[in-house]
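User: Please take a close look at the interior of this model for me, and tell me how its parts come together there. I would also like a little context on the chains around it.

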Amino acid sequence: MNTSKFVAKRLGQLVLVLLGVTLVTFLVSHVVPGDPARMLIGQRADEQTLAAMRQALGLDKPVWIQYLNYLWGLIHGDLGTSIRTQRPVLNELLSFFPATVELTLFAMGFAVSIGILLGLLSATFRDTLTDHATRILAILGVSTPLFWLGLMALLLFYKYLGWLPGSGRLDPLINPPTHITGLYVVDSLISGDWIALKSSILHLVLPSLCLGYIQLATIARLVRASMIEVLELDYIKTASANGIPRSRIIYRHALRNALIPTVTIIGLTFGELLGGAILTETIFAWPGMGKFVVDSISFLDFPAIMGFTLVVATVYVLINMVVDLLYPLLDPQIKGVH
Amino acid sequence: MELKYYRYFAKQYPLTVVGTLIILIIGLVALVAPLISPHDPLQLHLADRLLPPGHTYLLGTDEMGRDLFSRIIYGARLSLAAGVGIVSIAGIFGTVLGSVSGFLGGKTDLIIMRLMDIMLAFPSLVLALALSAALGPNFRNSILAVAVVKIPVYVRLVRGQTLSVKEKHFVKAAQTFGASKVWIISRHIIPNCLAPVMVQATLGIGEAILIAAALSFIGLGAQPPAAEWGAMVSVGRTYLLDQWWYATFPGIAIFITVVGFNLFGDGVRDLLDPRFRH
């Protein structure tokens, strides 16, 4: 199958998966709650408003018609109105979106670069102290409650050492850079605003390292496994039999093939990071979608919660599709297989 | 002879032994909580609000003057219940769905598996958050929500296992004798899938405890004044900069418990799966 057919097939699957995602959010928002109308307008609403809401939602109609109505709304960008802020959920989420993207990208960059490095070290120095240390780090990584790690980091680096700022995206006295992408680091670079650049990078350090740390260990273990597998293949043995130096074999011959499976993991890791951002943003008062949804929880702001769920799942599905599409570019063998 | 074997085991798998010990200790603490906790976990001592760790209150007190140490001891019950409850529910439903899907094949298989794929399109914490908000925020619902989110893991595992078991001679023989589908699935397929399910469940307890605690932390799980670790960290967060002990100790309890289950789970997998054996 050639590349364009592969892309077309994947896009077709994408539509189906996204439909499936809306089916799940529909079930969770319209079928699971005892009284969806009350969930959508809040606990304080009176009976009259509730009755009007039931009518407006078409809750008296068959479930499949309700689903079609729900889809129709989504197609028109209608994710409902937030109970807490009384603004359309889509607008709210869009305004918080860039902050979450910036945080997850930095966390990802940290987790991937250090993760690959650690995985590589463990694989090349297999069963040595380095390897055991990475294994223990990996187990500690998947065992740490992210929300607690953030609090401990705040205590140490913000309160006791005073090295790093503890909340927000910028110092309160600094004006945000001109809005171009919404990512403060990128925007301040483009507009040459060095004060904002420094402040935004400093504010990113703690949240992104905490968020990335949890995933770092997972990536390191996978790179290790994949590297060990590649190092046992015949072409590596041939290369060492030919007297090519070991460092050259590792970096030029083995690493390139060992990293291919890692790309898939990066796609999957994004899901964990988007989930983890809920906790990290809350701890560090980072004004992203995660903090928005947690703030909504205390108001039982159901439209906001469901809108967030839908947007995050959509982003996650799209990222994984991009990863899938990149795959044949990295690994020429795959093209023939699909 | 036996002692020698244990010593060999401890030397070969030191981390597994550490994990097992941690779980045993936490389990014991949960069991005898009323006997060993120095104070009533819910008793208010309004004169002793937010005291630092000391003689009377080993790990300090919270904003209502409740003893943190006693609350952490009682919290072991909730977290263990959450962890074991989640993997049991997810494991049972996942096993039934997976074996039915794999054994029947065809449309049933297609529908079940596509549904599972779609659930996997959501990050775990995000779907658990939405479900538990829809069910209503309380401890029981948060466990149900996490369990539902974890079902696909078991469905995929058991379905794969079922596909290979159903080709075995004893299953074919049962079919020739006219055994019903329900009989074959429950008496032949499921018993032969249990080992990997148990391994997966053991490996999953730590993560389950973490997600349940995270839900409590953001206000969707156990509600105050329940002595739940995640909820305690959540309230302690307000007092973090001046009363560091409040959020710190319940978090350490979660961390140690989850480390215990993860070390134990890793060891169980290593023992049962020859691919991971050293």
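Analyst: Happy to help, and charges make a good way in: Lys and Arg count as positive and Asp and Glu as negative, with His and the chain ends not counted, and each charge is placed at NZ of Lys, CZ of Arg, CG of Asp or CD of Glu. Please keep in mind that this is a predicted model, in which local features need pLDDT of at least 70, side-chain atom pairs count only at pLDDT 80 or more, and totals for chains, interfaces and linings use all residues. Residues are numbered from 1 along each chain as its sequence is written, chains are lettered from A and ligands numbered from 1 in the order written, and side-chain values use heavy atoms, without hydrogens or water.

Chain A carries 23 positive and 21 negative side chains, and 8 Å separates the centres of the two sets. In chain B there are 22 positive and 15 negative side chains, with their centres 13 Å apart.

Now the framework. Chain A has 15 helices and zero strands, and chain B has twelve helices and zero strands (DSSP runs numbered from the N terminus: H or I of at least four residues for helices, E of at least two for strands). The C-alpha trace of chain A spans about 85 × 55 × 40 Å along its principal axes; for chain B the spans are about 75 × 55 × 30 Å.

That brings us to the interior. In chain A, 49% of the 338 residues are buried, and in chain B the buried share is 52% of 278 residues (buried is under 20% relative accessible area, exposed over 50%, partly exposed in between, with a 1.4 Å probe and protein chains only). Of the contacts (heavy atoms within 4.5 Å) between residues at least 6 apart in sequence, 70% in chain A join residues at least 24 apart; the figure for chain B is 68%.

The largest nonpolar core (buried Ala, Val, Leu, Ile, Met, Phe, Trp, Tyr and Cys joined through side-chain atoms within 4.5 Å) holds 150 residues, and the most contacts inside it belong to Phe147(A), Ile278(A), Leu129(B) and Ile218(B). Helix H14 of chain A, residues 302-330, gives this core its largest share, 14 residues. Ile278(A) is a good place to zoom in: leaving out residues up to four places away in sequence, it touches Gly290(A), Val293(A), Val294(A) and Phe308(A), and across in chain B it touches Leu125(B), Val126(B), Leu129(B) and Ile218(B). A second, separate core has 13 residues, among them Ile228(A), Leu231(A), Ile236(A) and Ala258(A).

A charged side chain deserves a look too. Lys150(B) sits in helix H7 of chain B, residues 139-165, and counts as buried because its relative accessibility is 15%. Beyond residues up to four places away in sequence, Lys150(B) touches Ala90(B), Ser124(B), Glu207(B) and Ile211(B).

Finally, some loops to visit. Leu300(A), between helix H13 (289-297) and H14 of chain A, has a positive phi near 45° although it is not glycine, and at 27% relative accessible area it is partly exposed. Asp127(A), another non-glycine residue with positive phi, at about 60°, lies between helix H5 (89-124) and helix H6 (129-143) of chain A; its relative accessibility is 55%, so it counts as exposed. In chain B, a cis peptide bond with omega of about 10° joins Pro224(B) and Pro225(B), and Pro225(B) falls in the loop between helix H10 (194-217) and helix H11 (229-238).
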